[in-house]
Amino acid sequence: MAIRKIYQIGDDTLRQISKPVTEFDEKLSVLIDDMIDTLIYADGAGLAAPQIGVLKRIFVATFDGGSTVIEAVNPVIVKAKGRRVAPEGCLSIPNVRDKVERPRHVVVHAFDRHGEPIELKADGFEASCFCHEIDHLDGILFTDRAESIKKAR
């Protein structure tokens with residue numbers, strides 16, 4: 001397990017679309033463990049694989065400082081309801097926060113590190129986090145959706 005470098009805004013990797021994971025093996029488990037270590041070290045809520053330079057459809061999240069960690073491989077939002085506008089930040093864009101509109105509730109289908117299907121249901125901040133991380137997998141940064149930044153453009 002290792003702490004990986006978190007890529008910062010301006011790095012082209014953050015704007016690329018990630019590829020689906022096809023092999024659920026030891027290399028995947030090591031990558032996910034490294035992502036968890038990096039997320040906890042950086043004191044974040046979520047981290048997507050492209051943020052550490054890996055263009056695979058994976059994110060990890062924690063909402064309690066690392067006691068419980070959510071791992072999502074090949075995540076897809078299958079249901080989104082409601083509307084929530086709240087400030088967001090990003091480990092890849094330090095010292096920037098802005099309000100972003102996201103669904104209030106989401107259901108995400110994904111796989112765990114062993115290839116077993118999982119369903120994640122989230123509300124409020126957790127739903128926003130899942131959407132934020134899935135955006136990373138599609139090369140979208142929160143600043144693309146941020147209210148005041150969009151107005152400034």
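Trainee: Which residues in the largest nonpolar core touch the most other members?

Mentor: A general idea helps here: in soluble globular proteins, nonpolar side chains tend to be buried together. In this predicted model, the largest nonpolar core has 16 residues, and Phe59, Ala61, Val106, Val108, Leu120 and Phe130 touch the most other members.

Trainee: Which elements each supply at least two residues of this core?

Mentor: They are β2 (58-61), β3 (70-81), β6 (105-111), β7 (117-123) and α2. Of these, α2 gives the most to the core, with 6 residues.

Trainee: Leaving aside neighbours within four places in sequence, what is Val108 in contact with?

Mentor: With that set aside, Val108 is in contact with Pro75, Val76, Ile77, Ile118, Glu119, Leu120, Phe130 and Ile134. Apart from the largest core lies another, of 15 residues, including Ile6, Leu28, Leu31 and Ile32.

Trainee: Now for the empty space. What is the volume of the largest pocket?

Mentor: Rolling a probe the size of a water molecule over the atoms shows where empty space is left. Here the largest pocket has a volume of about 290 Å³. Of the 17 residues lining this pocket, Ala45, Gly89, Cys90, Phe125 and His132 are the closest to its centre. The elements giving two or more residues to the lining are β4 (84-90) and α2 (124-137). By class, the lining has 6 nonpolar, 6 polar and 5 charged residues.

Trainee: And which residues line the second largest pocket?

Mentor: That pocket holds about 180 Å³ of space. Its lining is made by Val21, Thr22, Glu23, Asp25, Lys27, Leu28, Leu31, Val54 and Lys56, with 4 nonpolar, 1 polar and 4 charged residues by class.

Key
Residues numbered from 1 in each chain as written. Predicted model: local features only at pLDDT ≥ 70, side-chain atom pairs only at ≥ 80, totals over all residues. Heavy atoms only, no water. 1 Å grid on protein atoms, 1.4 Å probe; cavity = no way out; pocket = protein on both sides within 12 Å on 5 of 7 lines; lining within 4 Å. Points joined across faces, edges and corners; volume = space filled by probe spheres on them. Helix = DSSP H or I, 4+ residues; strand = E, 2+ residues; numbered from the N terminus. Nonpolar A, V, L, I, M, F, W, Y, C, P; charged D, E, K, R; others polar. Core = buried A, V, L, I, M, F, W, Y, C linked by side-chain atoms within 4.5 Å. Buried < 20%, exposed > 50% of the residue type's maximum accessible area, 1.4 Å probe, protein only. Contact = heavy atoms within 4.5 Å.
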